[in-house]
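Biologist: Please take one part of this model and look at it closely. Then place that part in the rest of the chain, with a cut-off for every term.

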Amino acid sequence: MCEIDQKLPRAVEVACPVDSLEQTLTCTIACIQEIFRINPAFTMTLTRKVTAQREMTIDGHFVPSGTTIFSSNHVMHHDPAIWGPTHDVYDPDRFLGPNAESCKRNLAPFSMVHRMCIGRNMAMINILKVVTTVLKCSKLESTNPKEKMRTVSVGNSEKEGPLVVRVRRRNLTGKPGA
Ligand code: HEM
């Protein structure tokens, strides 16, 4: 919140302009990356078929031609060998600290290499514009702050049950009572 208040223009009548938002809002980006890590939007497996030219040995296991293999974002993003024992804890600082580069390399919410999501830049721009505009203009409060958030996989990662929030418009004019 502080970062958005300090670094973006005060009065927001339309959505915040996107120019250099990614460079300016490093904390906000780290929060988004950590959300993508802990609850990847895509939880369905991404399958590939091994071709005769690309037979390979993975971790000592020979994978013959014709085999269908897949990776799971959730498994990758919760591997204690990469993320440590706190892989289940929401901690955006991992994307800002000394291991940030390694964390970013192991984050794959849009998949990787030649079949990765072609809409990733459009998605990021939209997420940034919506998140910054909503947080700049409104104060959101859970009606049940003690509620434990649990997500379930339905192909996408979805919150279990409803999320009821109270939304208040923020005073952006600087004038009391406005
Ligand atoms: C948060 C939003 C999004 C997420 C998390 C996401 C994630 C993904 C993932 C994981 C894949 C599978 C890649 C693979 O099989 O390796 C994919 C594919 C794809 N995405 Fe997205 N996506 C998002 C938004 C979008 C948007 C906004 C568009 C279009 C404007 C888009 C268009 C596509 C297309 C066309 C593919 C198929 C690419 C191919 O098979 O070559 N996505 N996306």
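Modeller: Two strands count as paired if DSSP finds at least two bridges between them. Helices (H or I, at least four residues) and strands (E, at least two) are DSSP runs, numbered from the N terminus. The model is predicted, so local features need pLDDT of at least 70 and side-chain atom pairs count only at pLDDT 80 or more, while totals for chains, interfaces and linings use all residues. Residues are numbered from 1 along each chain as its sequence is written.

I take the pairing of β5 and β8. Strand β5 covers residues 138-142. Strand β8 covers residues 165-169. The two run antiparallel and are joined by five bridges. Two partners show the register. Lys-139 has Arg-168 of β8 as its bridge partner. Leu-140 stands opposite Val-167 in β8.

How well covered is this pair? Burial is a count of other C-beta atoms within 10 Å of a residue's own, with C-beta atoms placed from the backbone: buried at 20 or more, exposed at 12 or fewer, partly exposed in between. Of the five residues of β5, zero are buried, so β5 lies largely in the open. Strand β8 is hardly covered either: its five residues include zero buried ones.

Val-167 is a useful probe here. It is found in strand β8. Val-167 is exposed, because 10 other C-beta atoms lie within 10 Å. For contacts, I require C-beta atoms, placed from the backbone, within 7 Å. Leaving aside neighbours within four places in sequence, Val-167 is in contact with Ser-138 and Leu-140. The C-alpha atoms of Val-167 and Ser-142 are 8.9 Å apart, with their positions 25 residues apart along the chain.

Now set helix α3 against that pair. It spans residues 26-38. Its 13 residues reach 18 Å from first C-alpha to last, close to the 18 Å expected at 1.5 Å a residue. That expectation is 1.5 Å times one less than the number of residues. Buried residues in α3 are Thr-28, Ile-29, Ala-30, Glu-34, Phe-36 and Arg-37. Their cover includes α1 (2-7), α2 (21-24), α4 (73-77) and α7.

Two isoleucines of α3 fall short of the burial cut-off. Ile-32 lies in α3. It counts as partly exposed, because it has 19 C-beta neighbours inside 10 Å. The C-alpha atoms of Ile-32 and Leu-128 are 8.6 Å apart, although 96 residues separate them along the chain. Ile-38 is also in α3. With 19 C-beta neighbours inside 10 Å, Ile-38 is partly exposed too. Not counting residues up to four places away in sequence, Ile-38 touches His-77 and Tyr-90. From Ile-38 to Arg-166 the C-alpha separation is 25 Å, at 128 residues apart along the chain.

Next, the ligand. A residue is near a molecule if its C-beta atom, placed from the backbone, lies within 6 Å of it. The ligand has 13 residues around it, and Ala-41, Ser-111, Cys-117, Gly-119 and Ala-123 come nearest. That shell divides into 10 nonpolar, two polar and one charged. Here Ala, Val, Leu, Ile, Met, Phe, Trp, Tyr, Cys and Pro are nonpolar, Asp, Glu, Lys and Arg are charged, and the others, Gly among them, are polar.

Ser-111 deserves a backbone check. Its phi is near 70 degrees, positive in a residue other than glycine. It sits in the loop between α6 (100-105) and α7 (120-137). Ser-111 is partly exposed, because 14 other C-beta atoms lie within 10 Å. Asp-59 also has a positive phi, near 50 degrees. Its place is the loop between β2 (56-58) and β3 (61-63). With 5 C-beta neighbours inside 10 Å, Asp-59 counts as exposed.

Last, the whole chain. It has seven helices and eight strands. Buried residues make up 11% of its 178 residues. Along the principal axes the C-alpha trace spans about 70 × 35 × 30 Å. The radius of gyration is 20 Å, where a compact globule of 178 residues would have one near 16 Å. That radius is taken over C-alpha atoms, and the globule rule is 2.2 Å times the number of residues to the power 0.38. Among contacts between residues at least 6 apart in sequence, 66% join residues at least 24 apart.

Technical notes. Two residues are in contact if their C-beta atoms, placed from the backbone, lie within 7 Å.
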